[in-house]
Amino acid sequence: EPYYRGGKIVSKIKPGYLVLATAIMLSFILPGCQESPSNAVVIGKNDGKFEENIMISAPDSQASSVTTGTALSEIFYSTDNSVEFNVDIVDTPQCPNMPVLEVAPHYLTGDEAKRVAYTLFGDVTFWEWQHWSDESLSKEEIQSKVSRWSEFTSQEAIDALWGTNQVDSVPVVKKFIEEYTEKLSTAQNQNNKVPCQWTFRKAPFYLFSAAEATQYQSDKEDDMLKATTNVSGIPFTLQFGTRNQNDYKANYIRVYIDSDSPLGIDKRYFTAQLCRTEKPTPEQVEKILSQTVEVLDDLGLGTWTVDKCEIVKKFYGDIAEYMIDVRAVPMLNGIPTIYQAPISNLTADDVYASNYQMSSIQIQFSPNGQLIYFSMDSPVDIEETINSNVAVIPTDELLDLAKTNLMLSTFSQYDIGAQISPSSQNIICKVTISKVTYALARIRKPNTDTSYYYIPALTIYGDAGFYNKATGDFYFSNDDLTLLSLNAVDGSIVNSTNS
């Protein structure tokens, strides 16, 4: 199923958690005559010092309280001169005292899946999901599909929907229409769908037909629950998953527009119907933000806060579609966490490598507020407050460490998707550092695969643009990057990739 990135902070957050203090930033933006760095900060020290350090408490005066709103700017370069860093910090609130929290995965239950479903869609009927080969449709449902697909039996209509030439698509659509028309002869006036039982089953139950699923049963598979519903004629699938195995842990929710159709045409059709509108107004965005906060509160899966909201405009040919993407992160003991991007490898051996996906919620809405997509990854439960006010490395030292690492980077580290050869000599990457936050970040608890720490972390964000070094011609950009996150307790890098 698809993943989407889905700002304004709309939940109450204790003041001063987000961007760093003016006085502390001076050592970062005024490098003086420092030598070029030669050694990078290590990722996840495993010398036992971290476990000792998190037990050391700081005096209450550790928190900084300074004037906000000072603009900061400065330029420095990587040691190989392939990256130019431009510091452009606008706001500089205070840095608070911070805890170290031990958390564990929250494993989803059938009752929680049911509550999430009704929170998202209200009082509608939910059905047991059926594999397409076992699906039972009424005559009315089949006729509705055939009628909808019949609009796309010409190449022109299909290309207009996708915005690009869809080669050999028309025969596929016509074949589906033919097959579903044949089903009409045996279809009943009422479908034989079963109301959702809100019971988890092993994944093969949903991945294969009923006849095939029995051949793939395994205790090592994820436990899953899938349901379907229909909202204003739009078909949705709800998928819940949970896994507690030695290799990795998982708890996730995916809700998306979905039904059996040629080329996935139903999802494209309904999304276009909802999103080919005028640009959302500020009032529409505010309404959706308020709607999101209510949803987050009613999910019953921990406390979450919105950390990003943006209007996304995407063209299909010459036609624009608008969505409103909202992203949320856990709020633990009243303190926000940073957004940590999804990890592709959850089975790495490093002592601090996470075997539980990073925690976040992504939601997509149409401009009129219709839910299009929802995902949740990795809710957690607080097991213990290890230290309510842990001693941390002075922020000016953390910023020195951050600068050292940034100066040791090369342009390829910001080339998401590897569009340029790392050996290229005519590229200059210009990174604008737009935000520095001080909040909680998650790492794995050493020597266990069942617990994790949330620790204070300094995190640097920015945008990267790629240019021809000689001519200055612009190639492309990668925006809203997490450039670096440092564990404020021991100064090590908070690993974002498990590599």
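**Exercise 1. Find out whether cysteine 429 is buried or exposed, and how many disulfides the structure holds.**

Step 1. Start with cysteine 429: its relative accessible area is 0%, which puts it in the buried class. Buried here means under 20% relative accessible area, exposed means over 50%, and partly exposed is what lies in between (1.4 Å probe, protein chains only).

Step 2. Now do cysteine 275, which is buried too, again with a relative accessible area of 0%.

Step 3. Look for disulfides, meaning pairs of cysteine sulfur atoms within 2.5 Å. The search over the whole structure comes back with 0.

A quick word on the ground rules: this is a predicted model, where local features need pLDDT of at least 70 and side-chain atom pairs count only at pLDDT 80 or more, while totals for chains, interfaces and linings use all residues. Residues are numbered from 1 along each chain as its sequence is written, and side-chain values use heavy atoms, with hydrogens and water left out.

**Exercise 2. Work out which parts of the chain the salt bridge between arginine 201 and glutamate 128 ties together.**

Step 1. Get the rule straight: a salt bridge is a side-chain nitrogen of Lys or Arg within 4 Å of a carboxyl oxygen of Asp or Glu. Across the whole structure, 14 of them turn up.

Step 2. Check the pair: the side chains of arginine 201 and glutamate 128 meet at 3.0 Å, N to O. Arginine 201 belongs to strand E5 (residues 201–202) and glutamate 128 to strand E4 (residues 127–128), so this bridge ties together parts that are 73 residues apart in sequence. Helices (H or I, at least four residues) and strands (E, at least two) are DSSP runs, numbered from the N terminus.

Step 3. Add the surroundings: arginine 201 is partly exposed at 25% relative accessible area, whereas glutamate 128, at 10%, counts as buried.

**Exercise 3. Describe where the partners of the aspartate 222 and arginine 243 bridge sit, then look at glutamate 310 and lysine 308.**

Step 1. Aspartate 222 and arginine 243 meet in a salt bridge of 2.8 Å, N to O. Aspartate 222 is in the loop between helix H8 (210–213) and strand E6 (223–231), and arginine 243 is in strand E7 (residues 234–244), so the pair ties together parts 21 residues apart in sequence.

Step 2. Both aspartate 222 and arginine 243 are buried.

Step 3. For glutamate 310 and lysine 308, the closest N and O atoms are 3.8 Å apart. Glutamate 310 is partly exposed at 28%, but lysine 308 is buried at 12%.

Step 4. Don't stop at pairs: Lys145, Arg148 and Asp266 are linked in a network of salt bridges.

**Exercise 4. Classify the ring pair phenylalanine 176 and tyrosine 180, and say what sits over the ring of tyrosine 180.**

Step 1. Rings of Phe, Tyr and Trp (its six-membered ring) pair if their centres lie within 6.5 Å; planes under 30 degrees apart are stacked, over 60 edge-to-face, and the rest tilted. That rule gives 18 aromatic pairs.

Step 2. Phenylalanine 176 and tyrosine 180 are 6.4 Å centre to centre with 10° between the planes, so they go down as stacked.

Step 3. Place them: both lie in helix H6 (residues 169–183), 4 residues apart, about one turn of the helix. Both are buried.

Step 4. The charged end of lysine 183 sits over the tyrosine 180 ring, 4.1 Å from its centre. The test is NZ of Lys or CZ of Arg within 6 Å of the ring centre and within 35 degrees of the ring normal. Arginine 327 does likewise over tyrosine 339, at 3.7 Å.

**Exercise 5. Track down two residues other than glycine with a positive phi: asparagine 333 and serine 378.**

Step 1. Asparagine 333 has phi near 55° and lies in the loop between strand E10 (319–332) and strand E11 (335–336). Its relative accessible area is 44%, making asparagine 333 partly exposed.

Step 2. Serine 378 has phi of about 60° and lies in the loop between strand E13 (371–377) and strand E14 (380–387). Serine 378 is buried, at 1%.
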